[in-house]
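Here is a short report on how the parts of one protein model fit together. Look at the structure first, then read on.

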Protein chains: 4
Amino acid sequence: MHTTFQTVGLIGKRDDTNVAETVTALIRYLDSSGIRVLLDESVSPLADGSQMADGSPIECVTTETIGEQCDLAIVVGGDGTLLSAARTLADYQIPLAGVNLGRLGFLVDISPDHLSNKMDEILRGHYLEERRFLLQGDVYREGERIAGGLAFNDVVVHKWNLARMIELETYINDRFVNTQRSDGLIISTPTGSSAYALSGGGPLLYPTLNAIVLVPVCPHTLSNRPIVVDGDSHIEVVVADSNEERTQVTWDGQDSFSLRSGDRIKIYKRERELRLIHPANHDYFETLRAKLHWG
Amino acid sequence: MHTTFQTVGLIGKRDDTNVAETVTALIRYLDSSGIRVLLDESVSPLADGSQMADGSPIECVTTETIGEQCDLAIVVGGDGTLLSAARTLADYQIPLAGVNLGRLGFLVDISPDHLSNKMDEILRGHYLEERRFLLQGDVYREGERIAGGLAFNDVVVHKWNLARMIELETYINDRFVNTQRSDGLIISTPTGSSAYALSGGGPLLYPTLNAIVLVPVCPHTLSNRPIVVDGDSHIEVVVADSNEERTQVTWDGQDSFSLRSGDRIKIYKRERELRLIHPANHDYFETLRAKLHWG
Amino acid sequence: MHTTFQTVGLIGKRDDTNVAETVTALIRYLDSSGIRVLLDESVSPLADGSQMADGSPIECVTTETIGEQCDLAIVVGGDGTLLSAARTLADYQIPLAGVNLGRLGFLVDISPDHLSNKMDEILRGHYLEERRFLLQGDVYREGERIAGGLAFNDVVVHKWNLARMIELETYINDRFVNTQRSDGLIISTPTGSSAYALSGGGPLLYPTLNAIVLVPVCPHTLSNRPIVVDGDSHIEVVVADSNEERTQVTWDGQDSFSLRSGDRIKIYKRERELRLIHPANHDYFETLRAKLHWG
Amino acid sequence: MHTTFQTVGLIGKRDDTNVAETVTALIRYLDSSGIRVLLDESVSPLADGSQMADGSPIECVTTETIGEQCDLAIVVGGDGTLLSAARTLADYQIPLAGVNLGRLGFLVDISPDHLSNKMDEILRGHYLEERRFLLQGDVYREGERIAGGLAFNDVVVHKWNLARMIELETYINDRFVNTQRSDGLIISTPTGSSAYALSGGGPLLYPTLNAIVLVPVCPHTLSNRPIVVDGDSHIEVVVADSNEERTQVTWDGQDSFSLRSGDRIKIYKRERELRLIHPANHDYFETLRAKLHWG
């Protein structure tokens, strides 16, 4: 088979028995299609006692090596697994495709049923590629950058270890927006708009829209509503009042950092976009209808 | 005074005594600044018994003539007055500036206090110009365009003369989105996002964002949430079930047309954008804070 | 069979072919159980060419006669069918049971599957009886009562034939609550809280709670939130500004009356409550989970 | 002056200079009215170097002693100060009155302006007394009660030290309601319905309504809406999935306790209600209008 992709990396949800079966099937399928397979450390235990058709051992590598050497990364798991892989691979050109574990995700939209047929199509170049942007969220304390992280879904500044509301000041392109008391503020990409931001009362943003949405979480002022701004905006959130380090910033709900009063979180679109691979018949609205029980 | 604008049209809220005073002051001020003034038919009664400094009568014209002959239109009234003028003047190059009646609007943001100072600044070219887009909303019945209108805020398809919900099908760029039962669907520009769409639960869109938001009104399915799509999207709403002509389309809440089952409303961005003039110190977020009682 | 009920009235959704089958099955079943059956005018066409086991014709009567002569009314259809029957039968002691057409309703919760088994249980007295209250909504113009109606779900004062918001003043037990601009105001019973009021953003009220909820529809002021008050409260809504008769009051979304500026709608709990019969294993939360796709 | 109250306790927000002035004025006023004053430990520093008119020292006592010996407690501060005092005094018969610091609260509704006139009225028995209930929230681990607390506003089970949602199961009167993934669940009294529950999207409950509202915070399932149940309901929340003690229960946002998977929080109305004293012209809706910027 002539394939668009020659070297494929396989990444999976750690310690999940359902992942094992699908990844093993993928290894066999890709191997038989003459494609070189690199197995990510997340699923490297699956390489034990197994080998390629030609008797060679399965190559296990770091996610970074997948980024360097592969021309496609297949992620097996839930949306969270792909989020995590996306952040690690953000510096590489490699596109990502997501295989779910039987339950459709917004990002992992390839069903494990009839997987070889579906992979055949993708490997032959019959797929849909979408550009999705990520957010960089950097923390400044007294003028110095002390922490930073990438988010594919959202950067969230939120209260932590505290029942009471926190106070945040927001600036967009250096213009003061407001001071709000709330449980937190979600700064979300279009990708993240169907995740936590939606639970917080935010709108859905079409995935390729160049926009960022700011969603206050349980704001004290009821008219503090979600605001959608241009994707190229520079957003700054200042922790106005949080004694005793009871505010946190979180990237994609996976990494976090503890904040102090006066800390400034600067959030902006990362220049390099992520390439997300969908099956050719992918339809965002179909996913929405299925996930949100529309009709 | 050297001025950026030589001929200015004055448009006002009809039959409003507060408007009279401000318009009369504007006539005197513009006349004394050597600017030619055309008075719109909306406020033409104010020309009676009055005249310019040189004894000539005040020229009263149609709004279209203002569009043709003036290089600035000043609208005195509320946001609704400017909405109406914007639709009529959409085919002309003329920029619009809005003077409110003492109560700040999102569109009419020049206060009547110290009006001549503020007008001086604007006439000298010291102002902020913003491009805002309008939506065209056309109604098709059995393949034929039978009605159409422009909206600066929103095109709304809604139940009318009926207590029960209506059923609408929505398509974006020919892709089926959903069938919803609701009181209606608001298709709003960023300009309209702080108006009716906000009351319906929609997000605020930054005014110059190239995006359209679709806000379902009281949807039966609770997960039918507002969706923000690219401003260049083609939106189509089909009246799925409405016997007895109990559905209506409304442009900016001002013009309306009665719909039947099977009618298709096609909504898309109008190519020519509106030029909106703000005082130089205009700050959208300041307006939001004032209008929404933030902090 | 010894039965709790000797005479049963059958009411159905008009002109619905699915109803016919279930009603016909119920007639046969009740007849064979030795129960006298009265057929409501809504489904009287089903009596044509049919007869009871003893050769006598099927008795067709008005809904009022069912209220007078039956000790149980079985309603076949959707929640709307039961709503309508409930209002008509509100003056009688008769309990109501609802059989749905294959799709669970909040009120019609007896499935048509294995119907005779389920009816056996109910006829033998093995059922759950719930008391639900109705609202009386009377319209006063210049001090005089000019219209009135009953609602099992809600009394709604709403704009009609108009795109713009209306202005309403609300009083609870003669205390002024607020003046609001909105699309309307829903005054709902606990029964109605899972219907239109829910779409409008209201909370769910447990069905037997003695409370009324007021839900503003698309209020201009974002902090105009639903308010839950004691079920014995007297609520008064005044049409503050509605020239040209563009406001309406609607009872259960089924009957309506056109309002003028100054009209007062007085809403209060009807003394006599409705008796609603459920299968013995009825569980409100189970219905909620099914209808709202929880989990 | 003949007064309804002979011994008055004074409680204040700790370490607040604005409180000092009002409390000192109250001491002088009460002393001159022949009323015995007990100063709570929260404001006992104010007794230093000060004395009553007869030269005796100001009596400083614990809040419990105020509960035992006084027939009125005056709380000076914000709503939070009164919440805290209410929980401590819940076991005593003593009524509470709240004096704010210039900014109206829902609970502290006596303005510090013209304070002696207002206190005169109250001391003469010209006031409005309202009964408000509190919630008891007890934590059970493996069948044993391991913690418990009182709440005047709300008992909140919420995520803590964690970005991801938690999973909670809710039961009402031993009936399963749902399993929800969310940031938390607010179980609120009518008193609390205008506080955190409102920010979370809950309805307002009239203060004396016998009802409890359950408000999910940022629920993953969008149809997980607030539910209002009878005030005498027994509510049980089970922590379904929270490894590493990342869930917490909080009483009135002031006390908290860390939870584990399997912990059950049982919440029910405390039998003894709180007596809240308002000025005679108190009007709940007036407070709502002022606090929520209605109109």
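In this predicted model, a rotation of 180° with 0.0 Å of shift along its axis lays chain B on chain D, with an RMSD of 0.0 Å. The two copies are thus related as by a two-fold rotation axis. The fit is by least squares on the C-alpha atoms of residues with pLDDT of at least 70 in both copies. Of the interface residues of chain B, 100% are also interface residues in chain D, so the copies meet through the same surface.

Residues are numbered from 1 along each chain as its sequence is written, and chains are lettered from A in the order in which they are written. Local features need pLDDT of at least 70, side-chain atom pairs count only at pLDDT 80 or more, and totals for chains, interfaces and linings use all residues, while side-chain values use heavy atoms, leaving out hydrogens and water.

**Inside chain A**

The domain assignment, which is automatic or from a database, splits chain A into domain 1 (7–133 + 273–292) and domain 2 (135–269). Their C-alpha centres lie 30 Å apart. Contact means heavy atoms within 4.5 Å. Here 18 residues of domain 1 of chain A and 24 residues of domain 2 of chain A take part.

Which three residues supply the most area on the side of domain 1 of chain A? Arg87(A), Phe133(A) and Tyr284(A) supply 49% of the area that domain 1 buries against domain 2. Arg87(A) also forms a salt bridge with Asp255(A), with the closest N and O atoms 3.4 Å apart. A salt bridge puts a side-chain nitrogen of Lys or Arg within 4 Å of a carboxyl oxygen of Asp or Glu.

**Between chains A and B**

Chain A gives 32 residues to its contact with chain B, and chain B gives 32. Arg225(A), Phe285(A) and Trp294(A) supply 23% of the area that chain A buries against chain B, more than any other three residues. One salt bridge joins Arg175(A) and Asp283(B), at 3.3 Å from N to O.

**The two interfaces**

Buried area is the accessible area (1.4 Å probe) that two parts lose on being put together, summed over both.

| Interface | Buried area | Share on carbon and sulfur atoms | Salt bridges |
|---|---|---|---|
| Domain 1 of chain A and domain 2 of chain A | about 1,700 Å² | 70% | two salt bridges |
| Chain A and chain B | about 2,600 Å² | 59% | two salt bridges |
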